[in-house]
Amino acid sequence: MTKFSELELSPSLIKSVRRMGFEEATPIQAKTIPLSLKGIDIIGQAQTGTGKTAAFGIPLIEKIDTKNPNIQGIIIAPTRELAIQVSEELYKIGYDTRTRVLAVYGGQDIGRQIKALKKGPHIIVGTPGRILDHINRRTLKLDQVHTLILDEADEMLNMGFIDDIEAILSSVPEDRQTLLFSATMPDPIRRIAERFMKNPETIRVKTKEMTVPLIEQYFVKVYEREKFDVLSRLIDVQSPELAIVFGRTKRRVDELANALNLRGYIAEGIHGDLSQAKRLSVLRKFKEGKVDVLVATDVAARGLDISGVTHVYNYDIPQDPESYVHRIGRTGRAGKEGMAITFVSPREMGYLKTVEQTTKKRMMPMRPPSIDEAFEGQQRVSMDKINEILREGSLDQYVNVAKELLEGNDPVMVTAAALKLMTKEPDNTPVHITEERPLPMKKDSQKSSYRRGKQSSSSYANKNRKPKRAGRRP
Ligand SMILES: Nc1ncnc2c1ncn2[C@@H]1O[C@H](COP(=O)(O)OP(=O)(O)OP(=O)(O)O)[C@@H](O)[C@H]1O
Ligand SMILES: [Mg+2]
């Protein structure tokens, strides 16, 4: 275990890190921080939720000269929400050194961003499209950038983003330090990365599996038309604190969110066709627990760090193993436990194998719960609530009426009535979910994730890109 005080960081930085509640460096942080401080190019790979943001954020903040009011570091992330989240984490790390961090992303008023850029931020965190936009408008001066970081690097170097990234790279001084981070790094992408890095050092936190051991992984074999009932029952039985349901397309996300609401769950959808304001408000409500189930396309698959997410449901099995790794990585973060359940239609079993081969982890089969089990699950939720209230005490004001209620009534029946009042009963309200065709049959299950060519750009919605290049996205 490495303490931050052993890493030769300035006292004010250590103060900020301590304020964030970090006691010890995570393995990827312990390995990358010293090397990064030396100025070496790094490809850093470690499992989801293991602190990669601070692994690049801490040395970057350490290297910022706060007296120089020019942009010295630039971080590029694939989605707006992630850019915001990373900028917030960097702001906290740089709080005591007074480092100025600015997020620039599409969907936000560009005039306001230009004004903020004039205030001399030291670090910019942004999405590729909007960064390029600023470069083209000459509102972003990058000639003093000494560090460039690609978060979710494999996604950033994939078909959907590579042109933008190359354009940005050409505006940043060549003698910069380049850092790449992700939980996944397929070889073909690594080779692309090495083209614009200088003798990069690969730092991998060695683990047997690519996924986090704290995430229990299950699959449910289920026909398309049965998926929604199975999902509702699973939610009833498992009663997640917060859950994310991933769907393949935007339409699917909208339909699922509506259907869940019809059946009495508090759910909202997030995907790239929503306005930026709506995307942010949905995410905020989910973080605050005002929404229990977030239904999302892959726009929410990478990087997002939301505490309290106990369950991830893949309503549709993802097309490629990397997407699976990132989706389920929204739970089981920072040492917490989580559960991931993937629906697989019988024709899609080949995809399951491909995922397992890449992650080097078998998923356990799970039997779909019956309606009775779902009902019992919900009653248990009520029971837990009652037990909690009993533990808390302070029920004096209820005692008189309680006694009255018990006069002439069987206590079991009284309790049953109370349970009935509290319990969400099985709800068969008809819902409409358009059937999606299963993925094309897979003959063999070789590692084929990066042969998907142009499709790869489909995994992120609304990337702030110019419409002419925007393809069909979920
Ligand atoms: N040293 C630390 N001690 C305790 N908590 C930490 C430490 N470093 C990071 N964290 C917390 O762990 C959580 C996950 O970190 P982070 O989002 O950086 O993970 P990640 O590796 O980037 O995951 P992903 O691959 O999903 O992007 C965050 O809430 C972060 O604040
Ligand atoms: Mg991350």
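1. The domain assignment divides this protein into domain 1 (4-209) and domain 2 (211-371 + 426-464). The model is a predicted one, and every remark below should be read in that light. The C-alpha centres of domain 1 and domain 2 are 28 Å apart.

2. The contact between the two domains involves 32 residues of domain 1 and 30 residues of domain 2. On the side of domain 1 that touches domain 2, at least two residues come from each of α4, α6 (128-137), α7 (153-156) and α9 (187-195). Helix α4 is the element that gives the most to this side, with four residues. By class, the side of domain 1 that touches domain 2 comprises 10 nonpolar, 13 polar and nine charged residues.

3. Ligand 1 deserves attention alongside the domain contact. Its shell draws residues from both domain 1 (4-209) and domain 2 (211-371 + 426-464), and ligand 1 therefore lies between them. The shell holds 19 residues, of which the closest are Thr48, Gly51, Lys52, Thr53 and Ala334. Six residues of the shell are nonpolar, nine are polar and four are charged.

4. Secondary structure also contributes to the surroundings of ligand 1. Strand β2 (24-25) and helix α3 (52-63) each provide at least two residues of the shell. Helix α3 gives the most, with three residues.

5. A first sheet is open and built from seven strands with parallel pairing, in the order β5-β6-β4-β7-β8-β3-β9. Its edges are β5 (101-104) and β9 (201-204); each has a single partner strand, so one side of each has no neighbour in the sheet. From one strand to the next, the twist averages 15°.

6. Within this sheet, strand β7 (residues 147-151) and strand β8 (residues 177-182) run parallel and are joined by five bridges. One of the pairs can be named: Thr147 has Gln177 in β8 as its bridge partner. Helix α4 (residues 80-93) packs on the sheet and touches β4 (73-76), β5, β6 (123-126) and β7. The direction of α4 makes about 180° with that of β5. Helix α4 is thus named twice in this note, since α4 also gives four residues to the side of domain 1 that touches domain 2.

7. A second open sheet likewise has seven strands and parallel pairing, with the order β12-β13-β11-β14-β15-β10-β16. Strands β12 (267-270) and β16 (364-365) are at the edges, and each pairs on one side only.

8. In the second sheet, four bridges connect strand β14 (residues 309-314) with strand β15 (residues 338-344), and the two run parallel. Val312 has Ala340 in β15 as its bridge partner. Helix α11 (residues 250-262) packs on this sheet, where α11 touches β11 (242-246), β12 and β13 (293-296). The direction of α11 makes about 175° with that of β12.

9. The database annotation should be quoted with its status. In an unreviewed entry, UniProt lists residues 2-30 as "domain: DEAD-box RNA helicase Q". This span, residues 2-30, is 45% helix and 14% strand, and its end C-alpha atoms lie 6 Å apart.

10. The UniProt record, again an unreviewed entry, gives residues 33-203 as "domain: Helicase ATP-binding". Residues 33-203 are 41% helix and 18% strand, with the end C-alpha atoms 11 Å apart.

11. The feature "domain: Helicase C-terminal" is placed by UniProt (unreviewed entry) at residues 214-375. Over residues 214-375, helix accounts for 38% and strand for 22%, and the end C-alpha atoms are 28 Å apart. The bounds of this feature, 214-375, should be quoted separately from those of domain 2 (211-371 + 426-464), which come from the domain assignment.

Technical notes
Residues numbered from 1 in each chain as written. Chains lettered and ligands numbered in written order. Predicted model: local features only at pLDDT ≥ 70, side-chain atom pairs only at ≥ 80, totals over all residues. Near = placed C-beta within 6 Å. Nonpolar A, V, L, I, M, F, W, Y, C, P; charged D, E, K, R; others polar. Domains from an automatic or database assignment. UniProt positions renumbered as here; feature names shortened; annotations may be inferred. Pairing = 2+ DSSP bridges. Axes fitted to C-alpha atoms, helices over the stretch in contact; angles between N-to-C directions. Contact = placed C-beta atoms within 7 Å.
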